[in-house]
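The following points are offered as a colleague's note, to be read alongside the coordinates. They concern the surface, the core, one buried polar residue and the cysteines.

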Amino acid sequence: MAGLLALAVFVVFNTAVGLRLLHTAARGGGAAAWTCGFGFTFIGLLGHPLHMISGAGALPVGEVDHALSAAGSVFIAAGLSAFFAFTLIAFRRTQTWAWIFTAAGVALLFVSAFGQIGALATAPPEMPSAEATRNWSMLLGALSTICYAWSGIEGIAEWARARRRTALGLTDPLTANRILLWGMHGVCVTLLNAMLMTLSARGVNLGESLLAQLGTAFFSLVSCTTITLAFFPTRAWSSWVRRSAALAEA
């Protein structure tokens, strides 16, 4: 139950933030808004819901809706690809290694997505779908972890620089805080992925594991809170951040 509730919250918040960012992008928000908006929308509104509805990972291969599962896998890969692109554009636009790293990540994401699709299509109907796609799912999980870890590292590093500029009066405290929240989101999802991958590698049934359910609920709620405040801070939150910064300088 906790896992289903966390998924519902994840879908609602990711979809809301994604669509809001796409609206911002359409009004001149730039490439960063487009890529981040597509990332949240593809994963939250389409990828995970379609994958769950299909029964992939929970039902035998013969009972899985292969079309929905395939669509879910492709949208998740597309969403993670968009996040790779966002991190590149927002933090490492001029770095050659970052372009190569992003291209490799995107290519491997779609290899893993189509690997999952092929594994389900060729597996015996009675075989558990989670077992049929285990290797490809682990690859996708590893790529997802790398994607969010890179995002988190870049966000925290940029926040450290922004914090110094804030101390000199060169950056608004709210801007620095929004960068920190984005970095925290990346770290949070990285920890969630690492936990789920570790449990899965040990043969734990994630749908029946209390640790997996509670961990998913906790990390999902924290990540949803951070992305919402990062992109669309409330007036109360903005006032608190600026007031705290002023007190710290006093």
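**Notes on the predicted model**

1. *Nonpolar surface patch.* Ile156, Met184, Val187 and Leu191 together make a nonpolar surface patch of about 300 Å². The model under discussion is a predicted one. Helix α7 is the main contributor to the patch, giving three residues. One of the patch members, Leu191, is located in helix α7. Leu191 is classed as partly exposed because its relative accessible area is 45%, and partly exposed covers values between 20% and 50%.

2. *Nonpolar core.* The largest nonpolar core comprises 30 residues, and those touching the most other members are Cys36, Phe40, Leu80, Phe83 and Phe231. At least two core residues come from each of α1 (2–29), α2 (31–54), α3 (66–91), α4 (96–122), α6 (134–167), α7 (173–201) and α8 (210–231). Which helix supplies the largest share of this core? That helix is α3, with seven residues. As general background, nonpolar side chains in soluble globular proteins tend to be buried together.

3. *Surroundings of Phe231.* Phe231 deserves separate inspection. When residues up to four places away in sequence are not counted, Phe231 touches Val17, Leu21, Cys36, Phe40, Arg178 and Trp182. Two of these partners, Cys36 and Phe40, also appear with Phe231 among the core residues that touch the most other members.

4. *Asn193.* Is Asn193 buried or exposed? Asn193, a residue of helix α7, counts as buried because its relative accessibility is 14%, and the cut-off for burial is under 20%. With neighbours within four places in sequence left aside, the contacts of Asn193 are Ser144, Thr145 and Tyr148.

5. *Cysteines.* How many disulfides does the structure hold? The number is zero. For Cys36, which is in no disulfide, the nearest cysteine sulfur belongs to Cys147 and is 10 Å away. A disulfide would require the two sulfur atoms to lie within 2.5 Å, so Cys36 and Cys147, at 10 Å, do not form one. Cys36 is buried, its relative accessible area being 1%. Cys188 is likewise in no disulfide; the sulfur of Cys224, the nearest from another cysteine, is 8.9 Å away. Cys188 has a relative accessible area of 6% and is therefore buried.

6. *Points to carry forward.* In the surface description, the contribution of α7 to the nonpolar patch should be stated, with its three residues. In the core description, Cys36 should be listed among the residues touching the most other members, together with its burial at 1% relative accessible area.

Key:
Residues are numbered from 1 along each chain as its sequence is written. This is a predicted model: local features need pLDDT of at least 70, side-chain atom pairs count only at pLDDT 80 or more; totals for chains, interfaces and linings use all residues. Side-chain values use heavy atoms; hydrogens and water are left out. A nonpolar core is a set of buried Ala, Val, Leu, Ile, Met, Phe, Trp, Tyr and Cys residues joined through side-chain atoms within 4.5 Å. Buried means under 20% relative accessible area, exposed over 50%, partly exposed in between (1.4 Å probe, protein chains only). Helices (H or I, at least four residues) and strands (E, at least two) are DSSP runs, numbered from the N terminus. Contact means heavy atoms within 4.5 Å. Patches are made of residues with over 30% relative accessible area and no salt bridge: like charges are joined within 9 Å, nonpolar side chains (Val, Leu, Ile, Met, Phe, Trp, Tyr) within 5 Å. Accessible areas come from the Shrake-Rupley method with a 1.4 Å probe; for residues, only the protein chains shown count as cover. A salt bridge is a side-chain nitrogen of Lys or Arg within 4 Å of a carboxyl oxygen of Asp or Glu.
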